[in-house]
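User: Could you take me through one part of this model up close? I'd like to hear how the parallel strands sit next to each other, and then how a pair of helices packs.

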Amino acid sequence: MGKALVHKFIYDIMKKMDILFSGGDLLSVEILKKIIDESDNIVFFGGAGTSTESNIPDFRTADTGLYSSTGQKYAPEVMLSHSFFMNHTKEFYEFYKEKMIYKDALPNLAHVALGNLEKRGKLKAIITQNIDGLHQRAGSKNVLELHGSVYRNYCMDCREKYSLDIVTQSSEVVPKCIKCGGIIKPDVVLYEEGLDNYTIQRAVEYIANADVLIVGGTSLVVYPAAGLIEYYRGNKLILINKSTTAYDNRANLLIQDSIGKVLNVAIGEL
Ligand SMILES: [Zn+2]
């Protein structure tokens, strides 16, 4: 029996038994490939790990201290909070511009593969916790950004909308509205702020109705990731993450490897 046939044989048995569980090896990627081939209702849920392969660091796991311009040390959760934005707007922007905007980052293999999967009509939605817009740059259309996007900005006074350029090209540290002079705020969900209800609602609908749910690059500890996964009702929960997650034992297929590498092999070209 050839290798591909052996894989198909094992896959068929696992499918009959309703268990698809294995470690991070070629066989599990092969099984993922088959699951993808057989479905046209796939949803992807991704976290910071999806973008670290584009050299965008996950600030939550960075243990380097973050210092304000006055030399004070703050946790990223403090500097990226609503109250810090309101009370220390200049320091917020100094930090934000340096640590949160990666205009030159390029989509990686994971973004490209998912873009291809949507074009094939198999991927219904991407739900992401990232704010870097890399899925859209890779061609994806239906992207639900739970935490907003650095590419959208608005005036806090008159609600005029602005692109990222107003933030990066502003001569002042704090970008101001051209129409009314109000302070411009990124459309990014800061700590202490609630998530957009409509986006959450749509994410829940996609997950609840998905045949296959691929969760990648997230340790599933940050709200609302873990809660959203609970809405999945199917039996093809695929977890791709380099390290262990709290949901590993719930996964039908567990692949502990690079998300870019895995999705590139499992999805491939358009
Ligand atoms: Zn304004």
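Analyst: Here is a walk through the strands, followed by the helices.

Before we start, keep in mind that this is a predicted model: local features need pLDDT of at least 70, side-chain atom pairs count only at pLDDT 80 or more, and totals for chains, interfaces and linings use all residues. Residues are numbered from 1 along each chain as its sequence is written.

Let's begin with strand β1, residues 42-46. Strands here are DSSP runs of E with at least two residues, helices are runs of H or I with at least four, and both are numbered from the N terminus. Five of the five residues in β1 are buried, where buried means that 20 or more other C-beta atoms lie within 10 Å of a residue's own, exposed means 12 or fewer, and partly exposed is in between, with C-beta atoms placed from the backbone. Ile42, Phe44 and Gly46 sit on one side of β1, with Val43 and Phe45 on the other, and both faces are covered.

Who are the neighbours? Two strands count as paired if DSSP finds at least two bridges between them. β1 runs parallel to strand β4 (residues 123-128), with five bridges joining them, and Phe45 has Ile127 of β4 as its bridge partner. Five bridges also join β1 to β9, again in parallel, and there Gly46 stands opposite Gly216.

Carry on from β9 (residues 212-216) and you reach β10, a parallel partner joined to β9 by four bridges. Ile214 is paired with Ile238 of β10. In β10 (residues 237-240), Leu237 and Leu239 point one way while Ile238 and Ile240 point the other way, and all are buried. Next comes β11 (residues 253-255), which runs parallel to β10 through three bridges; Ile240 stands opposite Ile255 there.

Now the helices. The axes of α7 (residues 109-119) and α12 (residues 259-267) come within 7 Å and cross at roughly 30°; axes are lines fitted to C-alpha atoms, for helices over the stretch in contact, with angles running from 0 to 180 degrees between N-to-C directions. The two helices are therefore roughly parallel to each other, a label for angles under 35 degrees (over 145 is roughly antiparallel, 65 to 115 roughly perpendicular, and the rest oblique). On the α7 side, the contact residues include Leu109, Ala113 and Leu117, and on the α12 side they include Ile259, Leu263 and Ile267; contact means C-beta atoms, placed from the backbone, within 7 Å.

Methods. Two residues are in contact if their C-beta atoms, placed from the backbone, lie within 7 Å.
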